[in-house]
Amino acid sequence: IFGNLIKDTSSKDAWPPPYADYLPDPENVWTCTVSSRPSQARHFVEDEQHVASIVAALAARSTLYSVAAAQSTRSMPAMLSSSPVVEPVKGLESPMLSSEREHLPSPLADMKAIASVIQGKKLAFFLDYDGTLTPIVENPWEATLKEETRDVVRALAHRYPTAIVSGRARATAQSLVKVNSLYYAGSHGFDIAGPLRSGTVKSGLVADDESSVVSTASSSAEPSITYRVADSFRPALEEAKAKVEAMLGHIKGVLVEDNTFSVSVHYRMVGEGEDREKVDKAVDKVVQELPMLRRTAGKMVYELRPSVNWNKGKAVEWLLEQIKKEKHETYMPIYIGDDVTDEDAFQVMDELGGFGIIVHENPIRDNTAASFALRNPSEVQQFLEFFAYGKLPQASEADRRPFDQPKVQLLPPPLVATSKTP
């Protein structure tokens, strides 16, 4: 029990409350107050985030983790028969053994097993940007890449074909990552370009070994491949952007981003309630007025995209085929992403002979087509370092999923409360 929802006829609050029949008796109840003030509860935590951590951990431990279930539902984990089995916590076993609550394993828990699976195969990496290489931030323009992460990505691209597959405009993704040896698929895969083939830059991008912008006139570099899926949709997307801005310009916190082949309407900084409903309705109205566009959703963002059968999964398939033609080799793809739009790529990984990794704090197997999970961009960097530098990560106990430990100590209150303590 968090709070004071417990049968207590001695309480100064009005008794019985309307929900009294639904409250448990106090004998077998674990009690915890939120704050360190004197309380009749036996434990305390500092704030709501700690409550959420504990509740998530308790919920996770109510379901057993089964490697056998993983082998029956995903081909890649089935190959990792040496992955550790996480034993259930005694006393918290649940009769509900449904795979719906099964958590994805972390590849960091057994990189040696991963290495044995990929041994002898040519690898290709496909990486989302926001939420994968950089943390999610309120203002998308503040999602800058750490130099350390950039170095890892650059080193990875020198050893393996590597692509950034982002919802952002391709030019925006290139200017944020600043690595010329990458493939870039912007606008959810609608705008694709291959690596620049020299150390200079085309169209004002920063070279790998330069810190200044090179003008187009003095540039000689060209992308190895280019592909644009929906040029004819640009007028409709420009009109959609103008309509959204006109309807939502008065709402504080709305950010409208032109991604060339999509329009993103960010509402993370919009106050909850009526204003967010207005954003939702405005996007719906624009789609009704421009039926050649369709609406999709991501993390606190609505997307207006061309109504064509193309997505990140299709982009990965196309890129793999081009890489095969160029290198005369067949490659095993590894896709890492964090958002709903990355599911299209996860869903094609088995068919392409690869696997997907979702970036999520608490991933449930049936909620994603990914085979593994990493918790945050820091873990993504650690995973990529293994391939970029041959650096074997040292998995901590916390890495050995599927369940995270709550980052909070449960201590008695600082003062012993009496029955008169409110």
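Trainee: Where along the chain is Tyr-129 found?

Mentor: Tyr-129 is in the loop between strand E3 (122-127) and helix H5 (147-159); helices (H or I, at least four residues) and strands (E, at least two) are DSSP runs, numbered from the N terminus. The model is predicted, so local features need pLDDT of at least 70 and side-chain atom pairs count only at pLDDT 80 or more, while totals for chains, interfaces and linings use all residues. Residues are numbered from 1 along each chain as its sequence is written, and side-chain values use heavy atoms, with hydrogens and water left out.

Trainee: Why is Tyr-129 called buried?

Mentor: Buried means under 20% relative accessible area, exposed over 50%, and partly exposed in between (1.4 Å probe, protein chains only). Tyr-129 has a relative accessible area of 1%, so it counts as buried.

Trainee: Which residues is Tyr-129 in contact with, leaving aside its neighbours within four places in sequence?

Mentor: Contact means heavy atoms within 4.5 Å. On that basis the partners of Tyr-129 include Thr-134, Ala-143, Ile-164, Arg-168, Leu-176 and Val-177. Ala-143 is 14 residues from Tyr-129 along the chain, and their C-alpha atoms are separated by 9.0 Å.

Trainee: What makes helix H6 (residues 170-177) largely enclosed?

Mentor: 6 of the 8 residues of H6 are buried, so the rest of the structure largely encloses this helix. The buried ones are Arg-170, Thr-172, Ala-173, Gln-174, Leu-176 and Val-177. They pack against H5, strand E4 (162-165), strand E5 (183-186) and strand E6 (191-193).

Trainee: What is notable about the phi of Lys-178?

Mentor: Most residues other than glycine have a negative phi. Lys-178 is not a glycine, yet its phi is positive, about 60°. Lys-178 is in the loop between H6 and E5.

Trainee: Why do Lys-178 and Ser-187 fall into opposite or neighbouring classes of accessibility?

Mentor: Lys-178 has 34% relative accessibility, so it counts as partly exposed. Ser-187 has 0%, so it counts as buried. Ser-187 lies in the loop between E5 and E6, and its phi is also positive, near 55°.

Trainee: How do you know that strand E10 (residues 293-298) pairs with E11?

Mentor: Two strands pair if DSSP finds at least two bridges between them. 6 bridges join E10 to E11, and the two run antiparallel; they therefore meet the condition for pairing. Thr-296 stands opposite Glu-303, and Arg-295 stands opposite Leu-304. E10 and E11 form a hairpin with 2 residues between them, and Met-300 in the turn has a positive phi of about 60°.

Trainee: What joins strand E9 (residues 263-266) to E11?

Mentor: 4 bridges do, again in an antiparallel arrangement. Val-263 stands opposite Leu-304 in E11.

Trainee: What makes E8 (255-258) and E10 the edges of the sheet?

Mentor: The open sheet has 4 strands in the order E8-E9-E11-E10, with antiparallel pairing. E8 and E10 each have a single partner strand, so one side of each has no neighbour in the sheet. The twist averages 20° from one strand to the next. Strand E11 (residues 301-306) is mostly covered, as 6 of its 6 residues are buried.

Trainee: How is the packing of helix H7 (residues 234-248) with helix H8 (residues 274-289) described?

Mentor: The angle is about 145°, and the axes are 10 Å apart. Axes are lines fitted to C-alpha atoms, for helices over the stretch in contact, and angles run from 0 to 180 degrees between N-to-C directions. The contact residues include Val-244 and Leu-248 of H7 and Val-279 and Ala-282 of H8. They divide into 7 nonpolar, no polar and 4 charged; Ala, Val, Leu, Ile, Met, Phe, Trp, Tyr, Cys and Pro count as nonpolar, Asp, Glu, Lys and Arg as charged, and the others, Gly among them, as polar. H7 also lies across E8, E9, E10 and E11, at about 170° to E8.

Trainee: What makes a group of residues a nonpolar core, and how many residues has the largest one?

Mentor: A nonpolar core is a set of buried Ala, Val, Leu, Ile, Met, Phe, Trp, Tyr and Cys residues joined through side-chain atoms within 4.5 Å. The largest has 49 residues, and Leu-248, Val-279 and Leu-304 are among those with the most contacts inside it. Helix H9 (residues 312-327) gives the most to this core, with 6 residues.
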